[in-house]
Amino acid sequence: MRRRLFLVTLAVTTVVVAAFALPLASLVARVARDRATTAAERDIAAIAPTLSVTQDTELLRTAISRTATGQDGRLSLWLADGTRLGDPSASDPSADQLARTRQLAFSQSVPGGVDVYGVVVTEAGTAVLRARVPTATLRAGVVGAWRTLALVAVALIAGAVLVADRLARSVTRPATALAETARAFAAGDTTARAPSGGPPEIEAIAAALNLMAERVDELLAAERERVADLSHRLRTPLTALRLDVEASGDPGLSADLDRLELAVNQLIRSARRPLHDGPAAVCDLREVVTERAGFWGALAEDDGRDWSCIVPDLAAPVSLQRDEAAAAIDVLVGNVFTHTPEATRYEVVLRRSPGRIVLVVGDAGPGIPEPSEVIGRGDSGVRSTGLGLDIVTQAAATAGGGLAIGRSHLGGAEITLDLPQAP
C-alpha cells in the first residue's frame with residue numbers, strides 16, 4: 001500500500017508539474033527571443049531620426065556605433081544610392097529588395113539567428129537597415145531559467161512524494177501492527193492485542209479485534225472451567241468405585257482404576273492450563289519416559305505382559321510441557337493395552353541422534369492394517385474415541401516434530417515420535 005501511494009503520488013505530481021513547467025519553459029524561450037528582436041528593432045528605430053535629416057556617412061556611422069547592435073557589428077545600413085555602412089556581412093538579396101521596393105519592416109530566420117529589417121523613407125529615397133540577431137542572443141538567459149525551472153520541478157516532486165510517504169506511513173504502520181496482532185492471535189497467543197492509534201478506520205478495526213480477542217479469552221476460559229468441572233465431577237463416582245474395588249480385592253480392577261484416575265487428573269490439568277503460557281517449555285523426555293514406563297510396567301506385570309524400556313544415558317530435552325509429553329507417552333503405551341491381547345509384549349525405546357530425539361513404542365500385537373485411517377481426529381475403526389493418536393500428533397507438532405506408524409520388529413504396530421532436540 002505504501003509503495004502504491006508513493007508511485008501514484010509520483011506519477012500525479014510529475015504530470016501536474018510537467019503541465020505547468022513545459023509551457024512555462026516554452027514561454028521563457030519565446031520571451032527571450034522577443035526581447036532580443038525588440039532590442040534590434042529599437043536600435044534600427046534609433047537611426048531613423050539621423051537618416052531623416054542627413055545623408056552624411058560619417059554622422060550615420062557615428063549613429064550606428066552608438067547603438068548596442070552597431071557596437072557588436074551586427075547593424076547594416078543601405079542608403080538610397082546603394083552606399084552600405086556598418087556590418088559588411090552578406091545579406092539575402094531578395095530580402096533587401098523586398099524591404100526596399102515594398103517599404104516593409106519584417107524579420108526572417110536565417111542560419112545562425114534572425115535578421116530584422118527596417119525601412120526609413122527620406123528625401124533621397126528609401127534606406128534599408130538590417131540587424132543580425134544571433135542564436136546565442138535569442139537564447140540569452142534561457143538555459144539558466146530552464147535550469148531553475150527544473151530544480152523547482154524536482155523540489156516540488158520530491159516534496160510531494162515525501163509528504164505522501166509520511167502520510168502513507170501513518171496509515172501502513174497501524175495496519176501492519178494490526179496484521180501482526182492478528183497473526184499472533186491466530187498462532188495461539190491469546191494475549192496479543194492491537195495498539196491504538198492511526199486513522200479512525202484502522203483504530204476502529206483494532207478496537208473490534210481487541211474486543212473479539214477479549215471475548216474469545218472469556219469463552220475459552222469458560223470452556224476450560226466447564227471441562228474441568230465436568231472432569232472433577234467424575235471424582236465422586238470414582239471414589240465410590242474405588243471403595244467397591246478395594247472391597248473386591250481384585251488387583252486388576254485396582255490397576256484399571258488407577259489408570260482412570262490418572263487420565264481424569266491429566267484432563268483437569270490440561271483443561272485449566274491457558275492456551276498460551278509464554279515461551280515454549282522444555283522437558284527432559286528421558287525422565288518422562290522412565291517415569292511413565294515404570295507406571296505402565298506395573299500394570300503390564302498384572303496383565304502378564306513382557307516389556308522393556310531403553311533410554312539413553314544423556315538427557316533428551318524437547319520443546320514440550322512435561323504433562324504434554326507424559327500424556328503422549330500414556331496414549332502410545334495405553335493403546336498397546338487397549339488394542340492388543342493380554343500377555344502381548346511391548347517395548348519403549350528412546351534414542352538420541354545429532355539434533356533429534358526419537359521415541360519408538362512397538363508391540364507384538366496384530367498391528368494397524370490402515371495406519372492412515374487412525375491419524376485423523378475422531379477416526380477409529382475400533383472401540384475408542386479416535387482422539388489418542390491425534391493428541392500425540394498435536395504434541396509432536398508443538399515440539400516441531402512428527403509422528404509415523406509402521407511395523408515393529410516384534411511383529412505388531414510401531415509408532416515413532418521424531419522430535420527436534422531443544423536447546
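**Close-up views of two cysteines and a pocket**

**View 1. Cys-309 is partly exposed, with a relative accessibility of 30%.** The model shown is predicted. A residue counts as partly exposed when its relative accessible area lies between the limits of 20% and 50%, and Cys-309 is therefore placed in this class by its 30%. The closest cysteine sulfur to that of Cys-309 belongs to Cys-283, 15 Å away.

**View 2. Cys-283 is a buried residue that takes part in no disulfide.** Its relative accessible area is 6%, and buried means under 20%. Why do Cys-283 and Cys-309 form no bond? A disulfide is a covalent bond between the sulfur atoms of two cysteines. Such a pair must have its sulfur atoms within 2.5 Å, whereas the sulfur atoms of Cys-309 and Cys-283 are 15 Å apart, so they are too far from each other for a bond. The structure as a whole holds zero disulfides.

**View 3. The second largest pocket encloses about 160 Å³ of space.** Its lining consists of Ala-29, Arg-33, Thr-135, Leu-138, Arg-139, Val-142, Val-143 and Trp-146. Sorted by class, these are five nonpolar residues, two charged residues and one polar residue.

**View 4. Three helices each supply at least two residues to the lining of the second largest pocket.** These helices are α1 (2-53), α5 (135-138) and α6 (142-186). Which helix gives the largest share of the lining? That helix is α6, with three residues.

Notes: Residues numbered from 1 in each chain as written. Predicted model: local features only at pLDDT ≥ 70, side-chain atom pairs only at ≥ 80, totals over all residues. Heavy atoms only, no water. Buried < 20%, exposed > 50% of the residue type's maximum accessible area, 1.4 Å probe, protein only. 1 Å grid on protein atoms, 1.4 Å probe; cavity = no way out; pocket = protein on both sides within 12 Å on 5 of 7 lines; lining within 4 Å. Points joined across faces, edges and corners; volume = space filled by probe spheres on them. Helix = DSSP H or I, 4+ residues; strand = E, 2+ residues; numbered from the N terminus. Nonpolar A, V, L, I, M, F, W, Y, C, P; charged D, E, K, R; others polar.
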